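User: Hi! Could you walk me through reading burial, contacts and surface patches in a model?

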Amino acid sequence: MNAFQILALGILLCLFIVTILAIARGIVSRRDGILWALLWLAAGIAMAFPELTVAAARRLGIGRGADLILYCAVVVMMTGFLMVYSRLRRLQREVTLLARHIAITEALDTAAHPGKSSSDVDKPGAGNEA
């Protein structure tokens with residue numbers, strides 16, 4: 001085992017432990033934590049036993065194990081980017097709907113109480129008590 005493998009395995013072990021602790025403390029969901037832990041474990045196995053990736057790559061018709069890992073990483077990253085993009089678009093849509101709702105509510109309050117700003121309508125003591 002070379003120095004890079006030792007260093008990388010140490011880092012992966014730390015990431016694995018941090019992930020397990022995050023699951024135990026409830027910082028991440030159990031499902032997400034297990035997926036991350038499995039990812040760190042798979043990366044550690046690939047680092048410790050690179051001949052396994054070579055054998056898997058050859059079975060899949062790919063020349064080198066490093067190429068197989070690169071292809072898998074690209075697919076995983078693109079999937080992750082798509083998920084983040086989808087979530088961002090959904091959040092933008094929700095914020096837009098919320099902003100519209102607030103604007104309509106404030107417009108209705110202002111119309112119901114002419115001469116008062118929308119911030120005065122909601123304040124206690126602003127003359128809007130029953």
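Analyst: Happy to; we will take a few residues and then a patch. Keep in mind that this is a predicted model.

User: Let's start with burial. Is Thr19 buried or exposed?

Analyst: The general idea is to compare relative accessible area with a cut-off: buried means under 20%. Thr19 has a relative accessible area of 10%, so this residue is buried. Thr19 sits in helix H1.

User: Which residues does Thr19 touch, not counting those up to four places away in sequence?

Analyst: With those set aside, Thr19 touches Gly33, Trp36, Ala37 and Trp40.

User: And where does Val28 lie?

Analyst: Val28 is found in the loop that runs between helix H1 (3-25) and helix H2 (30-48).

User: Why does Val28 count as partly exposed?

Analyst: Partly exposed is the class between the buried limit of 20% and the exposed limit of 50%. Val28 falls in that class because its relative accessibility is 32%. Once neighbours within four places in sequence are left aside, Val28 has contacts with Ala22, Ile23 and Gly33.

User: Now the surface. Which residues form the nonpolar patch?

Analyst: A patch takes in residues with over 30% relative accessible area, and nonpolar side chains are joined within 5 Å. Here the patch is formed by Ile34, Leu38, Leu41, Ile45, Phe49 and Leu52, which together have about 550 Å² of accessible area.

User: Which element gives the most to the patch?

Analyst: That is H2, with four residues. Ile45, one of the patch residues, lies in helix H2. With a relative accessible area of 40%, Ile45 is partly exposed.

Technical notes: Residues are numbered from 1 along each chain as its sequence is written. This is a predicted model: local features need pLDDT of at least 70, side-chain atom pairs count only at pLDDT 80 or more; totals for chains, interfaces and linings use all residues. Side-chain values use heavy atoms; hydrogens and water are left out. Helices (H or I, at least four residues) and strands (E, at least two) are DSSP runs, numbered from the N terminus. Buried means under 20% relative accessible area, exposed over 50%, partly exposed in between (1.4 Å probe, protein chains only). Contact means heavy atoms within 4.5 Å. Patches are made of residues with over 30% relative accessible area and no salt bridge: like charges are joined within 9 Å, nonpolar side chains (Val, Leu, Ile, Met, Phe, Trp, Tyr) within 5 Å. Accessible areas come from the Shrake-Rupley method with a 1.4 Å probe; for residues, only the protein chains shown count as cover. A salt bridge is a side-chain nitrogen of Lys or Arg within 4 Å of a carboxyl oxygen of Asp or Glu.
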